[in-house]
Amino acid sequence: MPGREGGGDPKRQGRLSDGSGRADFAGHCTACPLRESCTTSASGRTVTIHAREDLLQAHKAAQASPEWQEAYTGTRPKVERKIAHFVRRSWGGRKARVRGAIRIATDADTRAAAVNWARLAALGVTRHGGAWTAAPP
């Protein structure tokens, strides 16, 4: 980049039609005094810009707000726990227990249904006379 110690313009790989792009600084990284704090890659630093970089940055900024942090910390443990239940060792762990895409999908759907039924039972949700009812708190 112009004005940067040890560098000049990076080797440009350009922007693609979808708005994404990439720049390689390989030749400039070898003589740069800031290399140690910039990259650990043997081939030098590469910067990639996503096609929707503006949206990604807007979401990253929103994640810094206390409201977002509170909502996230309230939801994430529940979701992580359910994922852990889903991939529990007794149900095959993270590996497929069967062969074939259709059988694997059926197995995953069955495990998901079992996790959901277990959750409904823990919440006290039952079906009476064609309607779902929740247990009183």
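Begin by selecting Arg97, which at 46% relative accessibility counts as partly exposed. Keep in mind throughout the tour that this is a predicted model.

**From Arg97 to its partner**

With Arg97 still highlighted, add Asp107 to the selection: the two form a salt bridge in which the closest N and O atoms are 2.5 Å apart. Asp107 lies in helix 5, while Arg97 sits in the loop between helix 4 and helix 5, so the pair ties together parts that are 10 residues apart in sequence. Is Asp107 buried or exposed? Asp107 has a relative accessible area of 11%, and because buried means under 20%, Asp107 falls in the buried class. If you leave aside residues up to four places away in sequence, Asp107 touches Arg97 and Val98.

Now select Arg111, whose side chain meets that of Asp107 in another salt bridge, at 3.5 Å from N to O. Arg111 and Asp107 are both in helix 5, 4 residues apart, which is about one turn of the helix, and both of them are buried. Showing the three residues together, you have Arg97, Asp107 and Arg111 linked in a network of salt bridges.

**A salt bridge elsewhere**

The structure holds 4 salt bridges, and one of them is reached by selecting Asp24 and Arg22, whose side chains meet at 3.4 Å, N to O. Asp24 is buried, with a relative accessible area of 11%, whereas Arg22 is partly exposed at 42%.

Select Gly21 next, which belongs to strand 2, residues 21-24. Gly21 is buried, its relative accessible area being 11%. Measure from Gly21 to Val47 in the viewer, and the C-alpha atoms should be separated by 8.3 Å, although the two residues are 26 residues apart along the chain.

**Along helix 4**

Move on to residues 66-86, which make up helix 4: at 1.5 Å a residue its 21 residues should span 30 Å, and the end C-alpha atoms are indeed 30 Å apart, in agreement with that expectation. Where does helix 4 bend? The bend, of about 30°, is at Thr75, and a proline, Pro77, follows within four residues.

**The aromatic pairs**

How many aromatic pairs does a search of the whole structure find? The search finds 2. For one of them, select Trp68 and Tyr72, which form a stacked pair with 4.8 Å from centre to centre and 15° between the planes. These residues are 4 residues apart in helix 4, which means that about one helical turn separates Trp68 from Tyr72. Trp68 is partly exposed, with a relative accessible area of 31%, and Tyr72 is also partly exposed, with 37%.

Then select Trp117 and Trp132, an aromatic pair that is tilted, with 5.9 Å from centre to centre and 45° between the planes. Trp117 lies in helix 5 (residues 101-123) and Trp132 in strand 5 (residues 131-133), so this pair ties together parts that are 15 residues apart in sequence. Trp117 is exposed, with a relative accessible area of 53%, while Trp132 is partly exposed, with 46%.

**Stepping back to the whole chain**

Finally, clear the selection and colour the chain by secondary structure, which brings out 5 helices and 5 strands, arranged along the sequence in the pattern β-β-α-α-β-α-α-α-β-β. Of the 137 residues in the chain, 12% are buried. The accessible surface of the chain comes to about 10700 Å², of which 57% belongs to carbon and sulfur atoms. Among the contacts with a separation of 6 or more, 31% are between residues 24 or more positions apart.

How values were computed: Residues numbered from 1 in each chain as written. Predicted model: local features only at pLDDT ≥ 70, side-chain atom pairs only at ≥ 80, totals over all residues. Heavy atoms only, no water. Helix = DSSP H or I, 4+ residues; strand = E, 2+ residues; numbered from the N terminus. Buried < 20%, exposed > 50% of the residue type's maximum accessible area, 1.4 Å probe, protein only. Expected span 1.5 Å × (residues − 1). Bend = angle between axes of the 7 residues up to and from the residue. Phe/Tyr/Trp six-rings, centres within 6.5 Å; stacked < 30°, edge-to-face > 60°. Contact = heavy atoms within 4.5 Å. Areas by Shrake-Rupley, 256 points an atom, 1.4 Å probe, with all protein chains shown as cover.
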